[in-house]
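I opened my notebook to look at a few spots in this one. Here is what I jotted down as I went.

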Amino acid sequence: MHRSAILPCLILLACAAPAAAQTPIHRCIGASGGAVFTDQPCAALQATPVSPNAPSAPATSPAAPSPVLCAASPDELRRSVIAAFASRDANRMAGLMLWDGDGRGAVIADIRSLAELMKQPLLDVDLPDGAAPATASTGIPPITDTPPAPPSDGNQLVLHTAGNDGSGSPRELRFDLVRQAGCLWLRSAD
C-alpha cells in the first residue's frame, strides 16, 4: 500500500476511535435534589432519571395535573398573588408581572419594592367588575372575537395591605391586567 493512502486511513481511524469509545451520559437528580451526570444508570446511584425515555424512568401518572406555567384567568392570577403573599416571596410575585420595556435598574428597584410590600399583611385582593384583561401592545393582534378594552378599573387587580407608615391605615395598590402570549400578567398601574 502506498504511504499517501495510509495516512488518510490513519486519520479516519483516529477520528472514529474516540467517538466509538464514548459511553452515554445519564442525567439524573440525586437524593439531595442536585443534578448528577454519570456514565452509570441513575438507578445504580439511587437517583431519578431526568430523561423521560431513560429505561429506569418512573412511570408518570396520567391523572397527575400538568404544572401551571401562567395564569389563564383573572381568578387564577388572583390566587397566585395570594400564594405569593402567603409565602412572602417577592420573586414569585415578580414572576406574575409583565416587565416588557422596563430597564434592568427599574426592574431591580420594582422587585425591591415588592420585597418590602410582601412584608406587609395582605388584607384583600379584589378584581373589580370581573376584570376583563387588556391586551399588551405587541403588534400581534389578540386571538379573540372582540377587541380588547383599554385598561380601567374593570381591568385591574387591586391589593390592600396593611400600611407600613405606622398609621394603621391600609395601603392600596393597583395593577393592570394584561393578556399577552396566552397568559394573564400584572403591570404596575402607578
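**Entry 1: Ala181.** I began with how open this residue is. Ala181 comes out at 77% relative accessibility, so I put it down as exposed, the cut-off being over 50%. A caution to myself: this is a predicted model. I then looked up where Ala181 sits, and found it in the loop between strand 7 and strand 8 (183–188). Its backbone caught my eye too: Ala181 has a positive phi of about 55 degrees, although it is not a glycine. I made a note of that because most residues other than glycine have a negative phi.

**Entry 2: Arg88.** Next I went to another residue with a positive phi. Arg88 is not a glycine, yet its phi is positive, at about 55 degrees. I traced Arg88 to the loop between helix 2 (74–86) and helix 3 (90–94). Is Arg88 buried, exposed or partly exposed? I got 43% relative accessibility, so Arg88 goes down as partly exposed.

**Entry 3: Leu177.** Back to strand 7, which covers residues 170–180 and holds Leu177. Leu177 has 0% relative accessibility, so I wrote "buried" beside it, the cut-off being under 20%. I also checked how Leu177 sits relative to Arg187. They are 10 residues apart in sequence, and their C-alpha atoms are 6.5 Å apart in space.

**Entry 4: the hairpin.** I moved on to strand 1 (residues 26–29) and strand 2 (residues 35–38). These two pair in the antiparallel sense, over 4 bridges. I picked out one bridge to follow by eye: Arg27 has Phe37 in strand 2 as its partner. The hairpin has 5 residues between its strands, and in it Gly33 takes a positive phi near 95 degrees.

**Entry 5: the sheet.** Which order do the strands of this open sheet follow? I read off 2-1-3, with 3 strands in the sheet and antiparallel pairing. Strand 2 and strand 3 (48–49) stand at the edges with a single partner strand each, so one side of each has no neighbour in the sheet.

Methods: Residues are numbered from 1 along each chain as its sequence is written. This is a predicted model: local features need pLDDT of at least 70, side-chain atom pairs count only at pLDDT 80 or more; totals for chains, interfaces and linings use all residues. Side-chain values use heavy atoms; hydrogens and water are left out. Two strands pair if DSSP finds at least two bridges between them. Buried means under 20% relative accessible area, exposed over 50%, partly exposed in between (1.4 Å probe, protein chains only).
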